[in-house]
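I opened the notebook today to look up a few things in this model. Here is what I went after, in the order I went after it.

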Amino acid sequence: MGQENKTQTWMSEFVLLGLSSDWETQVFLFLLVLTMYLVTLVGNVLILLLIRLDSRLHNPMYFFLSVLSFVDLCYANSIAPQMLVHLLSAQKSIPFYNCVLQLYTSLALGGSEFFLLGAMAYDRYVAVCHPLHYTVIMHGELCLGLAAGCLVAGFTNSLMETIITFRLPLCHNVINHFACETLAVLRLACVDVSFNKVMVAISGFLVIMLPCSLVLFSYGRIVITILHIHSTQGRSKAFGTCASHLTVVCMCFGATIFTYLGPRSASSVEEEKMVALFYAVVAPMLNPLIYSLRNKEVMAALQKVLEKFRDKE
């Protein structure tokens, strides 16, 4: 009993090793992450405002995009601010319950994003393969239900994984990562973690492979439909409606599959940190850029808003 109390006191906080111990490297990373974080905030808030202000963007595709932007904002804010503080701090500690909350929210939001990408793939499938029935099939209640289901699935899966992770007895409190992440925390355990690894694998299958299967099915049907379109212009238009989403899907699913389902190696810890950095900071920044720069409707909405501001001046 005394040993348990001692362990509980010792684990009142964790120490994060971060990405580097070199001061100059940390300053460089601080400036880089700060820039990407600010672009993430501006880009995703702008997407949300444009969808809200322009009636031409009031359709299922942009509804899901607005939910995705909101999730990206929350995800970036769950990791980036603390990371920025730690990059300029000598003591990179995080309280125990803050670590639990960070792991839970990042897992929940990340999982929700994968399910959302699957729902968005289904939306594109209906738009391309059943264009005449698109508004009937993708009605408001269905869109709300799909979005809510994605969030519930992500947060439920995260709750299960967080509970079984932090129930383990831990040998020390030094996490070789820049954030509280499942695999990094599991390395602190002083007992066999085979069960946890199996649960992480099951979780990874549900969160990654199920949405990925829906994406593959949807785009398989989309490709078949596009190949049956005789005009080059028609094919280009059909593919153009999916290009942005397909780019984001390849980026997000590819990075996470590499992290959780790829082969383990001696350098896997550092590789995991690099991929986690990409997904936590880079991906939320790139998503609004991809959807805006490759989307004529979003660019037209942005131009319309800018013209309104010019007229007021």
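**Entry 1: the largest pocket**

I started with open space in this predicted model. The largest pocket holds about 660 Å³. I asked which residues come closest to its centre. Of the 21 lining residues, those are Arg124, Lys237, Gly240, Thr241 and Glu297.

Next I wanted to know which elements give two or more residues to this lining. I found helix 3 (60-87), helix 4 (96-129), helix 9 (232-261) and helix 11 (296-312). Helix 9 contributes the most, with seven residues. I also sorted the lining by class and got eight nonpolar, eight polar and five charged residues.

**Entry 2: salt bridges**

How many salt bridges does the count give? I get two.

Arg124 had already turned up among the residues closest to the centre of the largest pocket, and I met it again here. Arg124 forms a salt bridge with Asp123, and their closest N and O atoms are 2.9 Å apart. I checked whether these two are buried or exposed. Both Arg124 and Asp123 are buried.

The other salt bridge I noted joins Asp54 to Arg56, again with 2.9 Å between the closest N and O atoms. I then looked at the accessibility of each partner. Asp54 has 4% relative accessibility, so I list Asp54 as buried. Arg56 has 46%, so Arg56 goes down as partly exposed.

**Entry 3: the record and the helices**

I turned to UniProt to see where it places the feature "transmembrane region". The unreviewed entry gives residues 27-50, 62-80, 100-122, 134-155, 198-217, 238-262 and 274-293. I picked two of these spans and read off their geometry in the model.

Residues 62-80 are 100% helix and 0% strand, and the C-alpha atoms at the ends are 26 Å apart. Residues 100-122 also come out as 100% helix and 0% strand, with 33 Å between the end C-alpha atoms.

While on helix 3, I stopped at Val85, which lies in that helix. Is Val85 buried or exposed? Its relative accessible area is 51%, and the cut-off for exposed is over 50%, so Val85 counts as exposed. I also looked up the separation between Val85 and Phe30. They are 55 residues apart in sequence, and their C-alpha atoms are 8.5 Å apart in space.

**Entry 4: the sheet**

I then moved from helices to strands. There is an open sheet of three strands in the order 2-1-3, with mixed pairing. Which strands stand at the edges? They are strand 2 (93-95) and strand 3 (174-175). Each has a single partner strand, so one side of each is left without a neighbour in the sheet.

I went through the pairings one by one. Strand 1 (residues 13-16) pairs with strand 2 in the antiparallel sense, over three bridges. Strand 1 pairs with strand 3 in the parallel sense, over two bridges.

For the individual partners, I wrote down that Phe14 has Ile94 of strand 2 as its bridge partner. Val15 stands opposite Ser93 in strand 2, and opposite Val174 in strand 3. I also checked the two faces of strand 1: Phe14 and Leu16 make up the covered face, while Glu13 and Val15 make up the uncovered one.

**Entry 5: cavities, and back to Leu16**

How many cavities of 30 Å³ or more are there? I count three. I looked into the second largest, which has a volume of about 70 Å³. Its lining consists of Leu16, Gly18, Leu19, Met83, His86, Leu87, Lys92, His177 and Phe178. Helix 3 gives the largest share of this lining, three residues. By class, I have five nonpolar residues, three polar and one charged.

Leu16, on the covered face of strand 1, sent me to one last residue. Cys180 sits in the loop between strand 3 and helix 7 (182-186). Its relative accessibility is 3%, so I log Cys180 as buried. Cys180 and Leu16 are 164 residues apart along the chain, with 8.0 Å between their C-alpha atoms.

Technical notes:
Residues are numbered from 1 along each chain as its sequence is written. This is a predicted model: local features need pLDDT of at least 70, side-chain atom pairs count only at pLDDT 80 or more; totals for chains, interfaces and linings use all residues. Side-chain values use heavy atoms; hydrogens and water are left out. On a 1 Å grid over the protein atoms alone, a cavity is a set of points where a 1.4 Å probe fits but cannot get out, and a pocket is an open set with protein on both sides within 12 Å along at least five of seven lines; lining residues have an atom within 4 Å of a point. Grid points are joined across faces, edges and corners, and a volume is the space filled by probe spheres set on the points. Helices (H or I, at least four residues) and strands (E, at least two) are DSSP runs, numbered from the N terminus. Ala, Val, Leu, Ile, Met, Phe, Trp, Tyr, Cys and Pro count as nonpolar, Asp, Glu, Lys and Arg as charged, and the others, Gly among them, as polar. A salt bridge is a side-chain nitrogen of Lys or Arg within 4 Å of a carboxyl oxygen of Asp or Glu. Buried means under 20% relative accessible area, exposed over 50%, partly exposed in between (1.4 Å probe, protein chains only). UniProt positions are given in the numbering used here, feature names are shortened, and annotations may be inferred rather than shown by experiment. Two strands pair if DSSP finds at least two bridges between them.
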